[in-house]
Amino acid sequence: DGFTPKRYCENAAINLVLSAFSDKGEKLGVTFSIEANIPNVLPIPETALCTLFSNGLENAVLATAQITDEKQKIVRVNCQLHKGNLLIYIKNPYEGKVVFRDNMPQSDRPEHGFGVKSIKLIADMHGGFCSFEAKDGIFTLKVVLPLLHE
C-alpha cells in the first residue's frame with residue numbers, strides 16, 4: 001500500500017522482506033540498521049528464507065517497539081556469505097525477562113511462539129543451525145545456513 005522497497009541486497013525476495021519490516025519498524029518508532037550481502041540466487045528456497053527472516057524480524061520489531069528509551073530502538077541486521085555459509089544476525093534491545101526452554105525463547109502471548117520453532121526447523125532442514133541469546137538487554141538471533149553441499 002504505497003510502499004516502495006529500499007535496496008538492501010541483490011536477492012529480491014529478501015530485499016522485499018527487509019524493506020517491509022524496516023517500513024513497519026519506522027511506523028512503530030523503530031530504526032533499522034541493515035547490512036545485507038545476499039546474492040540473487042541461493043540454493044535455499046525463497047519461501048524458507050522469507051519465513052526465517054519474517055519471523056526473526058517480526059519478533060525483533062515487536063520487542064524493540066516496547067523499549068522506553070527512544071535512542072535504543074534500533075534493530076540491527078547483518079547478513080553475509082562466509083566460507084560457503086549464509087550468516088544471519090538479528091540483534092534488538094528488549095526490556096523485561098526472556099524465558100528460555102531447551103535453548104529456545106518462549107512467548108507468553110497466546111497463539112505465539114511458532115516463529116522461533118519455524119526458524120529452528122528451517123535451519124535444521126537445511127543442515128544449518130540457529131541460536132538465541134538474551135543478555136544485557138540485547139536479544140541476538142544467529143542463523144548459519146550452509147550453501148555448499150559436500
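**Close-up 1. Helix α1 and its two ends.** In this predicted model, helix α1 runs over residues 12-27 and has 16 residues, and the distance from its first C-alpha to its last is 23 Å, close to the 22 Å expected at 1.5 Å a residue. At the N-terminal end of α1, Asn11 acts as a cap, with a side-chain oxygen that lies 3.2 Å from the backbone nitrogen of Ala13. After the helix comes Gly29, which has a positive phi, near 80°.

**Close-up 2. The buried residues of helix α1.** Ala13, Ile14, Asn15, Val17, Leu18, Ser19, Phe21, Ser22 and Gly25 are the buried residues of α1, and what covers them includes the strands β1 (31-36) and β2 (74-82) together with helix α2 (46-65). When reading such a list, it helps to recall that an α-helix has 3.6 residues a turn, so residues three or four places apart point the same way.

**Close-up 3. An aromatic pair.** A search of the whole structure finds 1 aromatic pair. The ring centres of Phe132 and Phe139 are 6.5 Å apart and the ring planes stand at 45°, so the pair is described as tilted. Both Phe132 and Phe139 are buried.

**Close-up 4. Two loop residues with positive phi.** Most residues other than glycine have a negative phi. Lys83, although not a glycine, has a positive phi of about 50°; this residue sits in the loop between β2 and β3 (85-93) and is exposed, with a relative accessible area of 74%. Asp102, also a residue other than glycine, has a positive phi near 55°; Asp102 belongs to the loop between β4 (99-101) and β5 (104-106), where it is exposed, with a relative accessible area of 70%.

How values were computed
Residues are numbered from 1 along each chain as its sequence is written. Side-chain values use heavy atoms; hydrogens and water are left out. Helices (H or I, at least four residues) and strands (E, at least two) are DSSP runs, numbered from the N terminus. The expected span of a helix is 1.5 Å times one less than its number of residues. Buried means under 20% relative accessible area, exposed over 50%, partly exposed in between (1.4 Å probe, protein chains only). Contact means heavy atoms within 4.5 Å. A polar contact is a pair of N or O atoms within 3.5 Å; within protein, one must be able to donate a hydrogen and the other to accept it, and residues adjacent in sequence count only if both atoms are side-chain atoms. Rings of Phe, Tyr and Trp (its six-membered ring) pair if their centres lie within 6.5 Å; planes under 30 degrees apart count as stacked, over 60 as edge-to-face and the rest as tilted.
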